[in-house]
Amino acid sequence: MNIDLYSRRVDYLRIAVTTRCNLACSFCAPKNYDCCQGLDEELTDDEIISIASAAASVGFKKIRLTGGEPLLRRGIDSLAAQISNIHGIEELTLTTNGSLLENKARTLFAAGIKRININLPSIDPVRYKKITGKDELENVLKGIAAAKLAGIGIKINVVALAHLCEDDVVALAHFAEGHSIKIRFIEYMPLGVDPLVESLSIDTLRGWIKKHRLKAEIIAAMNAPFCKSCNRLRISASGEVFPCLFGSPSHYLAGSLNNDPKQIENILLEAVRCKPAGYADAYTCESYRPLIRNIGG
């Protein structure tokens with residue numbers, strides 16, 4: 001059974017399909033980090049399918065494809081179609097920055113992806129470029145329009161950093177409401193040693209949302225952790241299994257993928273039992289803590 005030591009049913013698997021990204025967001029990429037440079041050995045399609053199949057066999061019902069930027073992976077639509085056809089997988093979703101979405105939305109929907117999360121730090125072109133390092137906002141907005149047209153449900157995620165001002169919050173919330181899209185402001189989680197950025201005060205954010213009567217959700221992951229209801233495992237692009245976003249990997253799947261699928265199932269179940277009660281019990285030393293792009297958030 002995929003029940004952990006704290007009686008939580010763990011049935012949600014997040015798989016990073018690449019570490020590469022076409023943006024260089026200040027809250028994600030360390031200084032001078034080459035975001036386009038992926039790992040030498042990332043999981044193959046067959047390996048990801050083996051993991052997803054094993055996960056379904058032991059009771060996982062939802063899979064999210066993450067990165068890096070998952071739409072940079074060659075054949076992502078074909079991979080998604082294979083995963084969505086696995087018996088037992090009830091939902092397949094994806095997280096993206098949206099810049100490559102316009103030409104892929106229809107094929108992703110056809111492949112079984114009915115919902116996506118889009119990371120959107122600003123809808124002001126100048127601020128967007130300053131945060132991401134790239135002039136891609138127009139392409140992101142086109143991607144959002146294409147996804148809606150294709151029938152894909154969308155949520156917008158905004159990392160609530162200290163440089164986010166009241167006008168930004170209002171503009172983003174109004175944009176989302178005007179397009180019938182849910183928006184979530186997510187408290188910054190300090191995973192890697194670098195970059196060192198500051199989170200916006202959650203109280204300040206709540207005040208702005210209340211003041212302007214905005215339709216927006218706040219995910220205060222640090223101030224109000226939801227560890228008691230955590231139902232997920234994460235697989236890095238190289239096959240590491242992370243029971244907790246803030247912890248070290250408990251297992252390495254790379255050496256097990258050519259063996260009996262039962263071995264992969266056992267590793268996933270062991271990882272479920274390794275889940276800590278909360279992130280405070282999993283916080284690893286600064287020398288190991290991974291970059292968010294390596295495990296997909």
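**Figure 1. Strand 5 (residues 153–160) supplies the largest share of the lining of the largest cavity, three residues in all.** This is a predicted model, and a search of the whole structure turns up one cavity of 30 Å³ or more. Its volume comes out at about 30 Å³. The residues around the cavity are Phe27, Asn119, Leu120, Pro121, Asn157, Val158 and Val159. Sort that lining by character and you get five nonpolar residues, two polar ones and no charged ones. As for how such a space gets found, rolling a probe the size of a water molecule over the atoms shows where empty space is left.

**Figure 2. Strand 5 pairs in parallel with strand 4 (residues 113–119) and with strand 6.** Five bridges hold the pairing of strand 4 with strand 5; here Arg115 has Gly153 of strand 5 as its bridge partner. Strand 5 and strand 6 share six bridges, and in this pair Val158 is matched with Phe185 of strand 6. To get from strand 5 to strand 6 the chain goes through helix 6, making a right-handed β-α-β crossover. Val158 turns up in Figure 1 too, as part of the cavity lining.

**Figure 3. Helix 6 (residues 166–178) lies across strand 5 and strand 6 (182–187).** Zooming in on the crossover helix, the angle between helix 6 and strand 6 is about 145°.

**Figure 4. Ten strands make up an open sheet with mixed pairing.** Read across the sheet, the strand order is 7-6-5-4-3-2-1-8-9-10. Strand 7 (217–219) and strand 10 (251–252) are at the edges with a single partner strand each, so one side of each has no neighbour in the sheet.

**Figure 5. Strand 1 (residues 12–16) and strand 2 (residues 62–66) run parallel.** Five bridges join these two strands. Pick Leu13 and look over to strand 2: the bridge partner is Ile63.

**Figure 6. Gly67 and Gly68 are joined by a cis peptide bond.** Omega for this bond is about 15°. Gly68 sits in the loop between strand 2 and helix 2 (76–84). For background, most peptide bonds are trans.

**Figure 7. Ser7 has a positive phi without being a glycine.** The value is about 65°, and Ser7 belongs to the segment before strand 1. The usual picture is that most residues other than glycine have a negative phi.

Definitions and conventions: Residues are numbered from 1 along each chain as its sequence is written. This is a predicted model: local features need pLDDT of at least 70, side-chain atom pairs count only at pLDDT 80 or more; totals for chains, interfaces and linings use all residues. Side-chain values use heavy atoms; hydrogens and water are left out. On a 1 Å grid over the protein atoms alone, a cavity is a set of points where a 1.4 Å probe fits but cannot get out, and a pocket is an open set with protein on both sides within 12 Å along at least five of seven lines; lining residues have an atom within 4 Å of a point. Grid points are joined across faces, edges and corners, and a volume is the space filled by probe spheres set on the points. Helices (H or I, at least four residues) and strands (E, at least two) are DSSP runs, numbered from the N terminus. Ala, Val, Leu, Ile, Met, Phe, Trp, Tyr, Cys and Pro count as nonpolar, Asp, Glu, Lys and Arg as charged, and the others, Gly among them, as polar. Two strands pair if DSSP finds at least two bridges between them. Contact means heavy atoms within 4.5 Å. Axes are lines fitted to C-alpha atoms, for helices over the stretch in contact, and angles run from 0 to 180 degrees between N-to-C directions. A crossover is right-handed if, with the strands pointing away from the viewer, the path from the first strand over the helix to the second runs clockwise.
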